[in-house]
Each structure stands twice: as structure tokens, then as C-alpha cells.
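Got the viewer open? Let's take a walk through this model, one selection after another.

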Amino acid sequence: MPFPENFTPDLVVESPGRINLIGEHTDYNLGYVLPTAIEKKITFKFIRNNSDKECNLYSVGYNTGFTLQLDKIARSNVEWENYILGVLNEILLRTDRLRGFDCTIESKLPMGSGLSSSAALECGLAFGLNELFDLGLSKMDIVQLSQKAEHTFVGTQCGIMDQFASVMSEKGHVILLDCKTLEHQQIPIKIDPYKMIMLNTKVSHNLASSEYNTRKRECEEGVAIIQKQYPKVRSLRDVTATMIQEFKQSMDATLFKRCSFIVSENDRVLQTANALKANDLKVFGALLYEAHEGISKLYEVSCPESDFLVDFSKQYDAVLGARQTGGGFGGCTLNIVHKDKVEAFVKEAAKAYKEAFNIELEAFEVKPSAGTYIQN
């Protein structure tokens, strides 16, 4: 790869991962979510090269890279390359200003942890190239083209939340995002004396990608059934708790579970936003536990490891609430833990987890942070 030891970049961009406090799988159902960027991020170092078409990208963590030609972009057999290729493809559909560049990528985000390293990768690349070549893209353009890249080149029919949070977040705030209208509020979050502690299960069950698309299809099938009685319904966002109960007998049991989870989860997002505005941390915690129950039993995107950690946390008065975060089937659980008890809780959780699954638990704190930015 063409990166010398003294590689001096023209531009350095930091693109964060995100956590979603609550509102799982509601984004592609055009509902509400409550995400924020976190301080763990991917660092991109960009330099223009002398070519019109040739681009060289290198992953520091994987110690590997690849070369591509801007006029010959096609899907790759290497998964992580498709995130890059998809973004470049979307940029080229919007502008002819892009030229050859070299870029190193260094991630501090645990892969497969549910912290959305994919959105950080997409948005960081698009953000950096926009600055490097003065492409004239707005922040919303970057969000939307990054989402489209994941649809077309990666094949995951994701909602807009991850990319939105990665770009739009403000330090010390969470975003109440309406995925239907893209209207959003920045809500200050003050949870002292509690901390947000992530417990990484270190498992990433290979069901995640295929089942994600399956869940999306199941929700669409549910909407089609509801529409026959309520023609104005366009997504599960338009369905109330009273309405969904009318279909308990007539809808397939699996579809009913999926749809009822999304309807109740949308309501939980709004309740959580109000709880945070009122600084009612007990209600916040209780809603997290309630959400995990739905994730596990109704939407069925949890796994034994996540369920174990959430159940374990319920033994501790110092933990207000916990749930699995991310798309599902592994990744991290979010735990709201009193700062004086974090060390003891993590130590005991790690011991119990090791005994149950023979896996070393990873724990770290996350804080609501700023979205993608240029490093000064």
C-alpha cells in the first residue's frame, strides 16, 4: 500500500459510533428513536493523490487494504470493502468532483458490538471526502447517501438512525428522532450519579444480518394486513396500542408479536424522552428493562448471552435498568449503574459470565458525544 511511514494527511476526520438508548428496530418502521454518538470512534486520515481515478484505502486494525478505480466501482467479496465502495458509488451519483485519494482507517469501535461501526465508517468517509474535495454535500446528504450505500452495496435494509446519530449528535445530548419526518430534538442528558456502562457479550451470532431483513419484511406484512381495515396506515408508526389489539386473533402469531413490539417500543421512546427531560432516572431504567423483555420475547432478536447479562443486572439495586442494544443477536448490553458501584458490578458480572459461557466480558463507559468532525 502506498502509505509511507511519515504519511502526512491533508485532513483527519473522527467519526463516532453510537448507542441507541431505546427504540430498537423502530427506525425502519418510521417510528421514534433516542440515539447519541459516543466517544469511541473511527479515525480517517485523508490525502489527495495525483490520480484522477485511483484510490488507496488501508485498515490499520486489519493491516490490510485495497486499491480501486473510481470509474470501475463494483461490489466486493470482502464485506468491509463494500461499505467504502457503496459510499463512493453514492457520491459519484451526486457529483463529478471526486478525485483520487489515499486514506487510512483506524477504528476504536469493537466490531460486532452493536455500536454501529458500519455507520461510522460510511459517514466518516463521506464527511472527509466532502471536505477534501469541496463536494458541497450537506450533513443530511451525508446521512442519506450513507444509508443508501448500506442498502445497495452491503444489502442491509437499515433505517436512518445510525447514520443520523453518527453525524448529527451534540455532546451531552441524546436525539429524539422522528424517522418519518426526520424532525428531531436535542435532549440534554444528566444521569449523574449514574453512568452508562456497556457490557460486550463478545458474541455476534451470524443470524443478525439475515434476521434483520426478515424482521423488516415481517413488519411490512403486518402493515399490509392492518391496512385492509385502516387504509391510512402506511407503517407501524401509524398504529396505536388499541388498534394492534384488534388483530390479535386474525393475524399470524409471529407477525402479531413483531408488530405489537414496535407499537409499544415507539411509545417507550416518547416516555423515555419525557423521563430524561424530567430527570426521572428510575422511570428511564424501568423502561429499559421493559424494552429488553420485548426485544427478547416478542421481537426475538436477543440471545442467551444478552439475556443472561440483563437478568444478572436485576440483582443489583445500583443498576436502574439494562437492555441489549443494536440490531440483535449479541453485541452489548447498556446498563445504568451507580458510579460508586460500577467496579463491583462489572467484576461480579464478568465472573458470572465467564462461568456461564466461558467468555471474557468486556466493559466500558460511554458518554453522549459530538457527531462526525474534523480533527484540528
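Start by selecting β10 and β11: the two strands form a hairpin, with five residues between them. In the turn, click on Gly-326, whose phi is positive, at about 90 degrees. Keep in mind as you go that this is a predicted model.

**Along the hairpin**

Now color residues 330–338, which make up β11. This strand runs antiparallel to β10, and five bridges join the two. You can pick out facing pairs across the hairpin: Gly-321 of the pair has Ile-336 in β11 opposite, while Gln-324 faces Thr-333 in β11.

**Out to the whole sheet**

Next, bring in the other strands of the sheet. In what order do the four strands lie? Reading across, you get β10-β11-β9-β12, an open sheet with antiparallel pairing. Select 319–324 for β10 and 362–366 for β12: these two are the edge strands, and each has a single partner, so one side of each has no neighbour in the sheet. Turn the view to look across the strands and you can follow the twist, which averages 25 degrees from one strand to the next.

**Back to β10**

Is β10 buried or exposed? Six of its six residues are buried, so the strand is largely enclosed by the rest of the structure. So β10 lacks a sheet neighbour on one side, yet the rest of the structure largely encloses this strand.

Zoom in on Arg-323, which lies in β10. Arg-323 is buried, with a relative accessible area of 0%. Show side chains here: what does the one of Arg-323 reach? It's the backbone oxygen of Asn-20, at 2.6 Å.

**Two helices across the sheet**

Select residues 281–297 to see helix α8, which lies across β9 (194–204), β10 and β11. Against β10, α8 runs at about 30 degrees. Then add residues 304–313, helix α9, which also lies across β9, β10 and β11. The angle between α9 and β10 is about 170 degrees.

Stay on α9 for a moment. How many of its 10 residues are buried? Seven are, and the helix is mostly covered. To see them, select Glu-305, Ser-306, Asp-307, Leu-309, Val-310, Phe-312 and Ser-313. Then show what they pack against: β9, α8, β10, β11 and also α10, at 342–357.

**A stretch from the record**

Try selecting residues 275–354, the range that UniProt lists in an unreviewed entry as "domain: GHMP kinase C-terminal". Over this stretch, the chain is 54% helix and 19% strand. If you mark its end C-alpha atoms, you'll find them 35 Å apart.

**Zooming out**

Finally, show everything. The protein has 10 helices and 13 strands. Its radius of gyration is 21 Å, close to the 21 Å that the globule rule gives for 376 residues, so the protein is as compact as a globular protein of that length. Along the principal axes, the C-alpha atoms fill a box of roughly 60 × 55 × 40 Å. Color by burial and 58% of the 376 residues come up as buried. As for contacts with a separation of 6 or more, 72% of them are between residues 24 or more positions apart.

How values were computed
Residues are numbered from 1 along each chain as its sequence is written. This is a predicted model: local features need pLDDT of at least 70, side-chain atom pairs count only at pLDDT 80 or more; totals for chains, interfaces and linings use all residues. Side-chain values use heavy atoms; hydrogens and water are left out. Two strands pair if DSSP finds at least two bridges between them. Axes are lines fitted to C-alpha atoms, for helices over the stretch in contact, and angles run from 0 to 180 degrees between N-to-C directions. Contact means heavy atoms within 4.5 Å. UniProt positions are given in the numbering used here, feature names are shortened, and annotations may be inferred rather than shown by experiment. Buried means under 20% relative accessible area, exposed over 50%, partly exposed in between (1.4 Å probe, protein chains only). A polar contact is a pair of N or O atoms within 3.5 Å; within protein, one must be able to donate a hydrogen and the other to accept it, and residues adjacent in sequence count only if both atoms are side-chain atoms. The radius of gyration is taken over C-alpha atoms; the globule rule is 2.2 Å times the number of residues to the power 0.38.
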